[in-house]
Amino acid sequence: MFEVRLSQPIEKVAYFWLPDSPENKFPGTLHISLLGEATAEVIGIFSVNNELFSNLDRVIGITEDGESLTLSECYCWPKKLRFGGLSRFLIGAKYALVGFSYDEGIPITFTTFRFSMEGLDEWLGITGIRVEHNWQEQIASISYVIPDGIAINLPNEFTLSFIFTWTNPGFPIIKEAKITQKAYVELKCESPRSLQDFFDLVFKINNFMRFVMDKTVAIDYAEGYSPDVERTLDNGDRHEALVTIYFYGTKLSIEKPKIHHHDMLLSYGNMSVNIESIMNEWLNNYAIFEPAFNLYFSTKSSESMYLEGKFLSLIQGLETLHRRNSEDTYMPANEFQELVALLGDACPEKNKKWLNEKLAYANEPSLRMRMRKMIAPFSSLFGDRKRQKDFINMTVSTRNYFTHYSSENSGGAVRDVKLISLCRKLEGLFQLHLLKVIGVDQSDMETITKNNVALRSKLGIAPEEISADISE
C-alpha cells in the first residue's frame, strides 16, 4: 500500500448522488483524513437511502464552494439515528477525485499524473532561490529563477519529470517577503491510462525514494489531467480540468520524518548522471524482486511491528532476494537427482510420499550458505572472518529459534538489545544488495558506506575499518 500523509485533514459540506439517479441528491459531509482516507457522511430519508446506497461503486457530488467530486470504488454502511425517519450513511471510497464529476460510463483515465512527497526537495538539492547581501552597506536581495525540469524515459511509454513550482511573496510586503519552491514528480503518457496504471508506477517510485532517502517518506499531494476531461472558463475557453486525487495509505505516524541530506543512501546529486538507468533498473527489477522488496519495506513502515517479526521479515526478504538472483544449489543437480533416486529405491513404499515431500526443497542452499554468499561481495564491510562467522551463526540460531521456538535452538539466539543490533546489521546487508540491484558499481559501495553514518552504524564499522577493496 501507499504511504500517504497530507498536510491537513479536509472537510467539505456537499450534496451526493448516484450517477444514474441525479434527481436524488442528499446532503452530507466529505471527510479526508491526514492519511488520505476518504469517507462521506450522507444524511437523508432511511428508506430512500437504503435503496440507493445499499449497492454502489461510484458516487458523484458537489461541494458547497462549487467543486465537483467523484468517489470511486465505494462501500457503505448505514448508521441509524434513534429518533425520526432520518438516517446517516457512511460511504467509504478507495479514491476521492475533486474537480470533476465522472458520470456513468466516463472512464477515470489520465495522461498526466503529478504528485509530491516528503523530502523530494531535499533529495534533489536543486533550488532557484538566490540570496545576495552586503553587510557593510546593509543591502540584501532575493531573486528566483525556476530550475529546468529533469526528464527521463520509463518503461511502457511513460516519461517521468522532476518539475518545480514556486509562489510569490504575499501582499502587502511590509515586514516579510517569502518565496517558496516545491518539487513534484510528473508522469506523462501519450494515450490515456487508468488510475490504477498510474498508481502501480507511483507506488514503485515512492518506494524507490523511501529506499534512497532511507526514510519512510509519504506522498502529500496528487493531481491528474486528461484531454478528455475539460472545464469551461467564464470567457468560454476550455482547458484540461485539474483533478485533485486523494487515496488511502498505510497507517503511519502523523509526525513527518526529519530528512537531512547527509542521512540519505543516495541523493540525486550522487546519481544525476545515471538517473535514467538507475530508475529503470529499479522498475524493471520490481516484478522479479517484489516479494523481497515488500518484506523490506514492511519492516520500515510499521512502527508497531514486534522485533521478532521484523527480524523474520528481514531474513525472509534476504533469502527471497538471493533465491531470485541466484541459481545456487547445495550440490550439483545431477548429483542430487542420483541421490534422490538412490534414496527412493531404498525407501519403503509406504514412506515414499513423506520422503518426496522432504526432498522437494532439499537441494536449496541453507540459510547459512545464503548468508555466506550474500556477505561475500561486501566482505570488507563485515569485519574479519571471525566477525563474519559470528554474525552468520547469530543470524541462523536466532532464525531457527523464532521459527520453531525449540529449546535446543535457544542457546545461540539473541534477544532485546542484541536483537535490535542484529536487525540493523541485516537491514544494512539488505540495503547493500538493493544498491547492487539498481546498478551501483561495487567500487562505489565503499564510498557510499564511508559517507553514510547511518549505514556504517547499522553495519557496526568505523570509517577506518573499511578497506580499499570490496571483492567482486
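**Exercise 1. Salt bridges of the N-terminal segment**

Determine whether Arg5 and Glu118 are buried or exposed in this predicted model, and which parts of the chain they join.

Solution.
1. Arg5 and Glu118 are both buried.
2. The two residues form a salt bridge in which the closest N and O atoms are 2.8 Å apart.
3. Arg5 sits in the segment before E1, while Glu118 belongs to the loop between strand E7 (109-117) and helix H2 (120-124). The pair therefore links distant parts of the chain, 113 residues apart.

Now find the partner of Glu3 and place both residues in the chain.

1. Glu3 pairs with Arg210 through a side-chain salt bridge, at 3.2 Å from N to O.
2. Glu3 is in the segment before strand E1 (10-18) and Arg210 is in helix H3 (residues 195-213), so parts 207 residues apart in sequence are tied together.
3. Glu3 and Arg210 are buried as well.

**Exercise 2. A salt bridge with unlike accessibility**

Classify each partner of the salt bridge between Arg370 and Glu364 by accessibility.

Solution.
1. The closest N and O atoms of Arg370 and Glu364 are 2.4 Å apart.
2. Arg370 has 3% relative accessibility, so Arg370 counts as buried; the limit for that class is under 20%.
3. Glu364 has 30% relative accessibility and therefore counts as partly exposed.
4. Elsewhere, Asp214, Lys300, Glu427 and Lys458 are joined into one network by salt bridges that share partners.
5. The count of salt bridges comes to 19.

**Exercise 3. The cavity**

State which residues line the largest cavity and which strands supply them.

Solution.
1. The structure holds 1 cavity of 30 Å³ or more, and the space in the largest cavity is about 40 Å³.
2. Its lining consists of Val4, Leu6, Ile219, Asp220, Tyr221, Ala222, Ile245, Tyr246 and Phe247.
3. Strands E13 (219-225) and E16 (243-247) each supply at least two lining residues; E13 gives the largest share, 4 residues.
4. By class, the lining has 8 nonpolar residues, no polar residues and 1 charged residue.

**Exercise 4. The second largest pocket**

Describe the lining of the second largest pocket by element and by class.

Solution.
1. The volume of this pocket is about 420 Å³.
2. Its lining has 21 residues, and Leu265, Leu266, Asn270, Met271 and Ile448 lie nearest the centre.
3. Helix H4 (268-271), helix H5 (275-301) and helix H12 (442-451) are the elements that give two or more residues to the lining. The largest share, 4 residues, comes from H12.
4. The lining divides into 8 nonpolar, 10 polar and 3 charged residues.

**Exercise 5. Positive phi and a surface patch**

Locate Glu157 and Asp416, and give the phi angle and accessibility of each.

Solution.
1. Glu157 is not a glycine, yet has a positive phi of about 65°. Glu157 is in the loop between strand E10 (150-153) and strand E11 (158-167).
2. The relative accessible area of Glu157 is 66%, so this residue is exposed.
3. Asp416, also not a glycine, has a positive phi of about 55° and lies in helix H11 (residues 416-437).
4. Asp416 is exposed because its relative accessible area is 59%; the limit is over 50%.

Finally, identify which residues make the nonpolar surface patch of about 250 Å².

1. Leu339, Leu342 and Leu343 make this patch.
2. Leu339 lies in helix H7 (residues 333-346) and, at 35% relative accessibility, counts as partly exposed.

Methods:
Residues are numbered from 1 along each chain as its sequence is written. This is a predicted model: local features need pLDDT of at least 70, side-chain atom pairs count only at pLDDT 80 or more; totals for chains, interfaces and linings use all residues. Side-chain values use heavy atoms; hydrogens and water are left out. On a 1 Å grid over the protein atoms alone, a cavity is a set of points where a 1.4 Å probe fits but cannot get out, and a pocket is an open set with protein on both sides within 12 Å along at least five of seven lines; lining residues have an atom within 4 Å of a point. Grid points are joined across faces, edges and corners, and a volume is the space filled by probe spheres set on the points. Ala, Val, Leu, Ile, Met, Phe, Trp, Tyr, Cys and Pro count as nonpolar, Asp, Glu, Lys and Arg as charged, and the others, Gly among them, as polar. Buried means under 20% relative accessible area, exposed over 50%, partly exposed in between (1.4 Å probe, protein chains only). Patches are made of residues with over 30% relative accessible area and no salt bridge: like charges are joined within 9 Å, nonpolar side chains (Val, Leu, Ile, Met, Phe, Trp, Tyr) within 5 Å. Accessible areas come from the Shrake-Rupley method with a 1.4 Å probe; for residues, only the protein chains shown count as cover. A salt bridge is a side-chain nitrogen of Lys or Arg within 4 Å of a carboxyl oxygen of Asp or Glu.
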